[in-house]
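This report is meant for someone meeting the structure for the first time. It begins with the metal site and then turns to other places along the chain.

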Amino acid sequence: MTMATICTHAWSPLQCSLKAPSKTFIKPQKTHSMSPEKKEVFKSLEKWVSQSVLPLVKPVEECWQPHNLLPDSSLPSDEFIHLVKALRDRTAELPDDYLVALVGSMITEEALPTYQTWINKLDGVGDESGSSLSPWAIWSRSWTAEENRHGDLLKTYLYLSGRVDMCMIEKTIQYLIGAGVDVGTENNPYMGFVYTSFQERATFVSHGNLGKLAKERGDLSLARVCGTIAADEKRHENAYVRIVEKLLEVDPTEAMVAIAKMMRRKITMPAHLMHDGQDPHLFDHFSAVAQRIGTYTTNDYIDILEFLIRRWRLEKIEGLTKEGQHAQEFVCGLAPRLRKLEERLDGRTSKIIHKFSWIFNNELSL
Ligand SMILES: [Fe+2]
Ligand SMILES: [Fe+2]
């Protein structure tokens, strides 16, 4: 194991220039697909958002902060160093594949500026001024502020561990924020909130699994870190799921069609454009590791779909147009089809060995 305390990669304009990943990653993009009059639906829900969504924001004074879960830097030097040493002793036992999965999750959290930009581009719910008092805007700023702690906490923990190449990780974050995100939501808030419902649950599952594995490996502090973040994700999931549930009530066809559209194009993780300047398929390689060690798998994806179908009682939704009924049929029949496909593919063994820059080019099987 290499203990890197300084950046070992010399800066060069070539290495650090913001070079977008291959254009082949980016699908043709459709924008503003919601008809303008639908903005009224979101305007009419403002009171409901204040009453039913904003209570899910936790007051800052009741929130944990990253420093609460990290070695206390205000302690005398020897006590602080003792705590850092203990952290490094614990993380020394974590395997490289676990670290890759954790780094990938942390990098996803760190691209938060992109997600706030993205959510503000959703028609009818964006923050028009940057400090708008619209309940939709208050929610998205509060959500961002809560999320901001996730990357801070994980990044500092990993930095103190000395187990990962921080310079390559930081470079990946810079590339990723520079590349942006394309999750196919068309600036359409119906599709946007379907996406966030799925995505927040996916991060809840993945941070929860990272926590379980940390516990199994004896790092109880890291397990607590992951569990604490997972609890935030669960609360966020709850908010977005409530929003889609309300949309299904007030505009069932539009909401059902949005769910079907998002599921047809598959829910892509928000860090799918990640790049470290070396590996053009970094996201696929990170995802393969997450699948192999079980932090976020195809089965989790299908479980989330089934959960949302149950939670939104999609099979029971009535009052749909023909288009809405077709969408309902597609979504409600999708999980068993995906499950069958997964069973057929399950058991494949890969002989691919891959080097990850985040762990000093150590090799992992995918
Ligand atoms: Fe998060
Ligand atoms: Fe989240």
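In this predicted model, the iron ion (ligand 2) and the iron ion (ligand 1) are 3.4 Å apart, and E147 coordinates both. The iron ion (ligand 2) has as its protein donors E147 (OE), E200 (OE), E200 (OE) and E233 (OE), which lie 1.9 to 2.6 Å from it. Along the chain, these donors of the iron ion (ligand 2) follow the spacing E-x52-E-x32-E. Distant parts of the chain are linked in this way, since E200 belongs to helix α9 and E233 to helix α10, with their positions 33 residues apart in the numbering. The angles among the four donor atoms of the iron ion (ligand 2) run from 53 to 135°, and the site is irregular. Why does this site count as irregular rather than tetrahedral? Four donors count as tetrahedral if all angles lie between 85 and 135 degrees, and because the angles at the iron ion (ligand 2) go down to 53°, that condition is not met.

The iron ion (ligand 1) has protein donors 2.1 to 2.3 Å away, namely E109 (OE), E109 (OE), E147 (OE), H150 (ND1) and E233 (OE). Their spacing along the chain is E-x37-E-x2-H-x82-E. Here, too, distant parts of the chain are linked, with E147 in helix α7 (residues 135-161) and E233 in helix α10 (residues 220-250), 86 residues apart.

Are the residues E147 and E233 buried or exposed? Both E147 and E233 are buried. For E233 the relative accessible area is 1%, and E200 has a relative accessibility of 4%; buried means under 20%, so E233 and E200 both fall into that class.

Helix α7 also holds T144, which counts as buried because its relative accessibility of 9% is under the 20% limit. A polar atom of the T144 side chain lies 2.7 Å from the backbone oxygen of S140. When neighbours within four places in sequence are left aside, T144 is in contact with L112 and Q116.

Three loop residues can be set side by side, with the loop that holds each one and its accessibility.

| Residue | Loop | Relative accessibility | Class |
|---|---|---|---|
| N187 | between α8 (166-179) and α9 (189-216) | 13% | buried |
| R313 | between α13 and α14 (322-345) | 54% | exposed |
| N361 | between β1 (353-356) and β2 (362-365) | 39% | partly exposed |

Which residues does N187 touch, not counting residues up to four places away in sequence? They are T31, H32, K121, L122 and D123. With H32 there is also a polar approach, in which the backbone nitrogen of H32 lies 3.2 Å from a polar atom of the N187 side chain. By contact and by accessibility, then, N187 is a loop residue that touches other parts of the chain and is buried, because its relative accessible area of 13% is under 20%. The C-alpha atoms of N187 and W48 are separated by 22 Å, and these two residues are 139 residues apart along the chain.

The other two residues in the table are noted for their backbone angles. Most residues other than glycine have a negative phi. R313, however, has a positive phi near 45°, and N361, which is not a glycine either, has a positive phi of about 65°. R313 counts as exposed because its 54% relative accessibility is over 50%, whereas N361, at 39%, counts as partly exposed because that value lies between the two limits.

The last topic is the space enclosed by the protein. How many cavities of 30 Å³ or more does a search of the whole structure find? The search finds two, and the largest cavity has a volume of about 50 Å³. The residues that line the largest cavity are V194, F198, I259, M263, L305, L308, I309, W312, L314 and V331. The elements giving two or more residues to this lining are α9, α11 (252-264) and α13 (298-311), and α13 provides the largest share, three residues. Helix α9 therefore appears in two settings, since it gives residues to the lining of the largest cavity and also holds E200.

Terms used. Residues are numbered from 1 along each chain as its sequence is written. Chains are lettered from A and ligands numbered from 1 in the order in which they are written. This is a predicted model: local features need pLDDT of at least 70, side-chain atom pairs count only at pLDDT 80 or more; totals for chains, interfaces and linings use all residues. Side-chain values use heavy atoms; hydrogens and water are left out. Donors are N, O and S atoms within 2.8 Å of the metal (3.2 Å for Na, K and Ca); water is not among the atoms, so sites may look incomplete. Helices (H or I, at least four residues) and strands (E, at least two) are DSSP runs, numbered from the N terminus. Buried means under 20% relative accessible area, exposed over 50%, partly exposed in between (1.4 Å probe, protein chains only). Contact means heavy atoms within 4.5 Å. A polar contact is a pair of N or O atoms within 3.5 Å; within protein, one must be able to donate a hydrogen and the other to accept it, and residues adjacent in sequence count only if both atoms are side-chain atoms. Four donors count as tetrahedral if all angles lie between 85 and 135 degrees; four count as square planar and six as octahedral if opposite donors are over 155 degrees apart and all others between 65 and 115; anything else is irregular. On a 1 Å grid over the protein atoms alone, a cavity is a set of points where a 1.4 Å probe fits but cannot get out, and a pocket is an open set with protein on both sides within 12 Å along at least five of seven lines; lining residues have an atom within 4 Å of a point. Grid points are joined across faces, edges and corners, and a volume is the space filled by probe spheres set on the points.
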